[in-house]
Amino acid sequence: MAVPARTCGASWPGPVRTARPWAGRGPRPFPDPRDPASGPARPLLLLLPPLLLLPLLTAPGASAYSFPQQHTMQHWARRLEQEIDGVMRIFGGVQQLREIYKDNRNLFEVQENEPQKLVEKVAGDIESLLDRKVQALKRLADAAENFQKAHRWQDNIKEEDIIYYDAKADAELDDPEGEDMERGSKTSTLRLDFMEDPNFKNKVNYSYTAVQIPTDIYKGSTVILNELNWTEALENVFIENRRQDPTLLWQVFGSATGVTRYYPATPWRAPKKIDLYDVRRRPWYIQGASSPKDMVIIVDVSGSVSGLTLKLMKTSVCEMLDTLSDDDYVNVASFNEKAQPVSCFTHLVQANVRNKKVFKEAVQGMVAKGTTGYKAGFEYAFDQLQNSNITRANCNKMIMMFTDGGEDRVQDVFEKYNWPNRTVRVFTFSVGQHNYDVTPLQWMACTNKGYYFEIPSIGAIRINTQEYLDVLGRPMVLAGKEAKQVQWTNVYEDALGLGLVVTGTLPVFNLTQDGPGEKKNQLILGVMGIDVALNDIKRLTPNYTLGANGYVFAIDLNGYVLLHPNLKPQTTNFREPVTLDFLDAELEDENKEEIRRSMIDGNKGHKQIRTLVKSLDERYIDEVIRNYTWVPIRSTNYREYCKDLNVSDNNTEFLKNFIELMEKVTPDSKQCNNFLLHNLILDTGITQQLVERVWRDQDLNTYSLLAVFAATDGGITRVFPNKAAEDWTENPEPFNASFYRRSLDNHGYIFKPPHQDSLLRPLELENDTVGVLVSTAVELSLGRRTLRPAVVGVKLDLEAWAEKFKVLASNRTHQDQPQKQCGPSSHCEMDCEVNNEDLLCVLIDDGGFLVLSNQNHQWDQVGRFFSEVDANLMLALYNNSFYTRKESYDYQAACAPQPPGNLGAAPRGVFVPTIADFLNLAWWTSAAAWSLFQQLLYGLIYHSWFQADPAEAEGSPETRESSCVVKQTQYYFGSVNASYNAIIDCGNCSRLFHAQRLTNTNLLFVVAEKPLCSQCEAGRLLQKETHCPADGPEQCELVQRPRYRRGPHICFDYNATEDTSDCGRGASFPPSLGVLVSLQLLLLLGLPPRPQPQVHSFAASRRL
């Protein structure tokens, strides 16, 4: 089977060792610098001038305080380290839990993952899944070709002769202005009953197919009725396919006429506005109907192009761009006497969503002026297509020219660039109503294997900007079985609500002949498609045997991810594919570029790398070791313990459901996942022993703790006491909890302050509801294997520990000792308690977030990025390499809709004739008047294509969030790993500060003078997400360094037997002067202007 477009890989931290019931890994435990066995102490890096004079602060009464000496602050740091370590040793239960696991060693065994076998198994399972869909596709395509070949065309077929289920019938009956109501449709539409099916997330009927016909296509036309007649036979094939493979989802035939027949039947998801769905514009149809394309669009912007005609051209170009997929390459240029690109792109670029958006915005700025110069336009286009120094599709090559007409045939240009081989097809589009001779445009298309189209008005745009695909399909049809290649699409949103899917496609060819000895038909009938839900593929991956930080992913030949834990689009537009590059799903580096290239080339491989990863909450960056293993594919947030177990995030309800099920079945039942279930039971017992042996006899209030907790690889999160469990806000599934995964990736104690988007209210502090999590991984050595089966931790009472922090960073030895006072004639060092009005003391975590402060007014700012608390000091820490900044882009974000704006270069209103136009009789008989009338007429039906985005017309509410790109900035510890003193030089407002990393934690201890004046204010570092109006990094720069990709391995762009005689013929009719004058006056005088649109213990339920 031809499915080489996917490569499956796996990533996991450190050496792969999986225990049953947990997965553990990682280097040896972090050495304690206070332990003599750990080796010599690290030297302290002092970056101070040799004769630095520490400032003295003189207080009333002649007593003087000096900034604390370096050794004093190091002493405070050691006290803080000892206090943290002591609390975690007593209450965390690391050692005790380690002993509990060893005591229960007979209840579990340790198995090691073999990464190569694991990814090969996943790849094989995915191959088997896709192969079943491929066989069903082939049966459908073969049947469709035979049904159509046997069908006898009926010229006199009537609507009442055809009985089918119209998927939009119910919605149209509810709409008194619906199409059938207006046209008096006589179609015999079936009335069906539907039943809810969770596999489809929809109500379906398995006995029938459904038919969807685009709104702008007349259902009663002879072509459509004949199409409905012969495709009815597909119903039995659909049903038989499902009998052979009950896991099949949507089976769809998309016809070249625009008819969609799909199975099982379900009502169409009618949008709130007009339905513009056309199967021929869906990504899967476009990909299956033709080979990849290199396209240059040239637009005539000479002065003869009137305002209305230019608008038609702009809309036509945008619609043309929507017929391109990520396998295609395109550029757009305007021309008059000379040609120039409309955007910053100077060569062909990939037709991805972001590049097409740049084109669409640039096209709106085109202005008509000068004289027509076809030669300049075509020479520019041919030069673009002959540029071999860039990445491109290297298959179908074509030029699409939009013009209002002209007499020059530019034969010399074609002789120079395209004849005699005619490797470039030329498609010409006559736009607007005019009296020009269209013969030259027809000649250009016919002599260059293309097609001539006319776009007289808005209603002709969609159909005529997509029918060129029929011409490109000719070589495929003539190639016969060789072109019967199954292709798999990018990820996209299913129009019927299935969620994210990929679709296998297979073209369906017309096998009829006009008569004995006649040439073979070269028309494509349509494309057959079968959907595969992404969730079905995810179920084939071992989510819980790789550990919390391990995962399986797959990419296609474009480098886009099919599977990845970071593939989580916040909003989807079913008109566009969901394209997330592997290097955007992760933090890009050279090693990952190499891995991506090898996967695209279809190679096997394994590589261990040091790389950066974001935390689950995207607030932190960790530098970690990861192992990547990948093999080619040749063709949930929940753990599902048992099939009949009702999952719930409520602990009590889940345990009740679990006990009820265990009364009916045993853990070894076939309907249960034995691996997950035994892990769950084992970890429940082990954590209960931790409660009995350690937690229950401890007084948490003595050390100002709100809670203690443990989270295990088996899916248990146990919190003590019960009241604290009720207030637990972390994800109960350990694998989805940021503190759990970060603790596995880092050594020592990981502090996690509460996430603050705004200031906390004092009331919350008074009620002791705010705490700081401190967690660490439990390392268990069994033989030569080191495992990390659990994470334990405590939740600190923020207010109490803030007071304790002051004492630990002071000259007092304990909290009950009275504060030391500096005598009238003595000099004393300041400390963080006595001198909190002059001295700022803080603990900041590795992401730059405030954890503790000696300033009472800053307690409600704990959890905020420190630059929002003290911008000057945070900038100094960054400039002195305590922190490193990492910027990246999130291409899956959702942003609120932007208010509509008026573009001066691209007016969206209706063309208004001037007084001179009214006085000119020729204007009334011209194409402009007729075209204006058509625009207004279609505006009544289509709500004006010029005034609303097509996505809005498909039903998106004006207030709906849209997909956008946001810039993310995270900070992590830099290269400085020692004690450091420095001065923030601000002239008369200089500040002295000291910073030191706390050993075995992710904390930075900072002591600084409080600012004396505002002259020290500097630029503020930003950590929050920022919206990118230009859709992320500059697209014009990115296309200059395109990422590696490979197109489809086979191309059908030429066949010697192709008949190019059918190349388009123009047709026009003269407008009636009397009718035009009457209608125009009626419209101008009686049509009002249209308004502009506004624009306890938690057993985490897991499914595998």
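**Contacts, salt bridges and a cavity in the predicted model**

Leu 1022 touches Phe 865, Thr 969 and Tyr 971, leaving aside residues up to four places away in sequence. The model described here is a predicted one. Within it, Leu 1022 sits in the loop that runs between β42 (1003–1009) and β43 (1026–1027). Its relative accessible area is 46%, so Leu 1022 counts as partly exposed. This loop residue also pairs up in space with a residue from elsewhere in the sequence: Leu 1022 and Ser 867 are separated by 155 residues along the sequence, yet their C-alpha atoms are 7.3 Å apart.

Two helix residues are worth a look next. Thr 687 belongs to helix α21, which spans residues 674–695. With a relative accessible area of 1%, Thr 687 is buried, because the cut-off for that class is under 20%. Not counting residues up to four places away in sequence, the contacts of Thr 687 are Thr 712, Ile 716 and Arg 718. Gln 1035, for its part, lies in helix α31 (residues 1035–1038). Gln 1035 is buried as well, at a relative accessible area of 5%. Again with residues up to four places away in sequence set aside, Gln 1035 touches Phe 345, Arg 354, Asn 355 and Val 358. To one of these, Asn 355, the side chain of Gln 1035 is joined by a polar contact of 2.7 Å between the two side chains.

Turning to charged side chains, the structure contains 40 salt bridges. One of them links Asp 278 and Arg 280, with 2.8 Å between the closest N and O atoms. Both partners of this bridge are hidden from solvent by the accessibility criterion: Asp 278 is buried at 4% relative accessibility, and Arg 280 is buried with a relative accessible area of 6%. Another salt bridge connects Arg 425 to Glu 1058, where the closest N and O atoms are 2.9 Å apart. Here, too, Arg 425 and Glu 1058 are both buried.

The bridge between Lys 804 and Glu 83 offers a mixed case. Their side chains meet at 3.7 Å, N to O. Lys 804 is buried, its relative accessible area being 11%, whereas Glu 83 is partly exposed at 22%. The two residues fall into separate classes because the boundary for buried is under 20% relative accessible area. Salt bridges can also be joined into a network, as they are for Asp 581, Asp 584, Glu 588, Arg 596 and Arg 1043.

Finally, the model encloses internal space. The second largest cavity holds about 150 Å³. It is lined by 16 residues, of which Val 252, Tyr 277, Trp 284, Asp 494 and Asp 531 are the closest to the centre. Two elements, β13 (260–263) and β24 (524–533), each give two or more residues to this lining. The largest share comes from β24, which provides 3 residues. Sorted by class, the lining of the second largest cavity is made up of 10 nonpolar, 3 polar and 3 charged residues.

Terms used:
Residues numbered from 1 in each chain as written. Predicted model: local features only at pLDDT ≥ 70, side-chain atom pairs only at ≥ 80, totals over all residues. Heavy atoms only, no water. Helix = DSSP H or I, 4+ residues; strand = E, 2+ residues; numbered from the N terminus. Buried < 20%, exposed > 50% of the residue type's maximum accessible area, 1.4 Å probe, protein only. Contact = heavy atoms within 4.5 Å. Polar contact = N/O pair within 3.5 Å; in protein donor to acceptor, adjacent residues only side chain to side chain. Salt bridge = Lys/Arg side-chain N within 4 Å of Asp/Glu carboxyl O. 1 Å grid on protein atoms, 1.4 Å probe; cavity = no way out; pocket = protein on both sides within 12 Å on 5 of 7 lines; lining within 4 Å. Points joined across faces, edges and corners; volume = space filled by probe spheres on them. Nonpolar A, V, L, I, M, F, W, Y, C, P; charged D, E, K, R; others polar.
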